[in-house]
Amino acid sequence: MALVPALPKRFHGPSVWALYALGLIPAAWAFYLGATGRLPGNAVKEFEHLLGLWALRFLVATLTITPLRDLFGLNWLRYRRALGLLAFYYVLMHFTAYMVLDQMLRIPAIVADIARRPFITIGMAALVMLIPLALTSNNWSIRKLGQRWNKLHRLAYVIAAAGALHFAMAVKVVGPEQMLYIVLVTLLLAWRAVRTPFLRWKRQRTAGARSHTATQKAAG
Ligand code: HEM
């Protein structure tokens, strides 16, 4: 039995658009709080922090879609593109906040920061890797690239790992929040590693059960 009742087909499209709209609310809220002076402490840092955190949440959510289907039969594949693109938009906003509000567009300082501070180098690498994924997140690219599309989009795992590492390295003391993302990304990577043998085993088990039922029917 399905874990969650299936959504009628006519709601599939609108639900994806609703996800985009809902997904952008944290950014709008953070912007509103920042603009009205209600962000606690160092407002610029807090704004950057919130955007980065949501980027990481959407990255993890994107990678959770496949295990949810494999393990619980939840087919939420239709939301994966929106989640991935939301992650990209949040990383872009995080990067823009860093360049404009934090560094005041001082390009030499930004370049030096990216080159000299390892956690920023890792963040930047994640952003660069996200660009081809965002550009190919459309039906035309999926058709055109075929199997290569799947290979390219496996980069999402590297990006999420880089994001979690960047988060852990950005703070002085690694606390439960940073650990949570490291554990989540590790679990997702581990799932990726055991997925193929698991699916093979599941198929064999289903085929075995089917042939057993057919034999019983034929005998009875
Ligand atoms: C996948 C990409 C990225 C993710 C998921 C991400 C996520 C995060 C998170 C969650 C934080 C919060 C750390 C904290 O203050 O508690 C953070 C901080 C930071 N990120 Fe990123 N980030 C990404 C890319 C980038 C890029 C491209 C840059 C700039 C080149 C950048 C620059 C920074 C800086 C400077 C901070 C520290 C802010 C501070 O001093 O508090 N990040 N990031």
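Where is leucine 105 found? Leucine 105 is in the loop between H3 and H4. That loop is a good place to enter this predicted model. Leucine 105 has a phi near 60°, a positive value in a residue other than glycine. Its relative accessible area is 48%, so leucine 105 counts as partly exposed. Methionine 104 lies in the loop between H3 and helix H4, which spans 107–116. Phi of methionine 104 is near 50°, again a positive value in a non-glycine residue. Methionine 104 has a relative accessible area of 55% and is exposed. The cut-off explains the two labels: exposed means over 50%.

Now step back to the whole protein. It has nine helices and zero strands. Read along the sequence, the pattern is α-α-α-α-α-α-α-α-α. The C-alpha atoms fill a box of roughly 80 × 40 × 35 Å, taken along the principal axes. The protein has 220 residues, and buried residues make up 34% of them.

UniProt adds some labels. Its unreviewed entry gives "transmembrane region" for residues 16–34, 54–71, 83–101, 117–135, 155–173 and 179–195. Two of these spans can be followed in the model. Residues 54–71 are 100% helix and 0% strand, with end C-alpha atoms 25 Å apart. Residues 83–101 are also 100% helix and 0% strand, and here the end C-alpha atoms lie 26 Å apart. The unreviewed UniProt entry also places "domain: Ferric oxidoreductase" at residues 51–163. Over that stretch the chain is 85% helix and 0% strand. The end C-alpha atoms of residues 51–163 are 12 Å apart.

Next comes the ligand. Around it are 22 residues. Lys45, His49, His94, Gly123 and His166 come nearest. Which helices supply the shell? Helix H2 (43–72), helix H3 (80–102), helix H5 (118–135) and helix H8 (155–170) each give at least two residues. H2 provides the largest share, seven residues. By type, the shell divides into 14 nonpolar, six polar and two charged residues.

Three side chains can be traced to ligand atoms. An N or O atom in the side chain of lysine 45 is 3.2 Å from an oxygen atom of the ligand. For histidine 49, an N or O side-chain atom is 2.8 Å from a ligand oxygen atom. Histidine 166 has a polar side-chain atom 2.8 Å from a nitrogen atom of the ligand.

Helix H2 deserves a longer look. The structure holds nine aromatic pairs. In one of them, the rings of tryptophan 54 and phenylalanine 58 have centres 5.8 Å apart and planes at 40°, so the pair is tilted. These two residues are four apart in helix H2, which means that about one helical turn separates them. Their surroundings differ in accessibility. Tryptophan 54 is partly exposed, because its relative accessibility is 27%. Phenylalanine 58 is at 7%, so it counts as buried. Ring pairs link Trp54 and Phe58 with Tyr90 into a cluster. Tryptophan 54 has a charged neighbour too. The charged end of arginine 57 sits over the ring of tryptophan 54, 4.6 Å from the ring centre.

Further along H2 is aspartate 70. Is aspartate 70 buried or exposed? Its relative accessible area is 5%, so aspartate 70 is buried. The side chain of aspartate 70 makes a polar contact with the side chain of arginine 195, at 2.5 Å.

After H2 the chain enters the loop between H2 and H3, where asparagine 75 has its place. Asparagine 75 counts as partly exposed because its relative accessibility is 43%. The side chain of asparagine 75 reaches the backbone nitrogen of leucine 77 at 3.3 Å. A longer separation can be traced from asparagine 75 to alanine 209, 134 residues apart along the chain. Their C-alpha atoms are separated by 23 Å.

Key:
Residues numbered from 1 in each chain as written. Predicted model: local features only at pLDDT ≥ 70, side-chain atom pairs only at ≥ 80, totals over all residues. Heavy atoms only, no water. Near = heavy atom within 4 Å. Polar contact = N/O pair within 3.5 Å; in protein donor to acceptor, adjacent residues only side chain to side chain. Nonpolar A, V, L, I, M, F, W, Y, C, P; charged D, E, K, R; others polar. Buried < 20%, exposed > 50% of the residue type's maximum accessible area, 1.4 Å probe, protein only. UniProt positions renumbered as here; feature names shortened; annotations may be inferred. Phe/Tyr/Trp six-rings, centres within 6.5 Å; stacked < 30°, edge-to-face > 60°. Lys NZ or Arg CZ within 6 Å of the ring centre and 35° of its normal.
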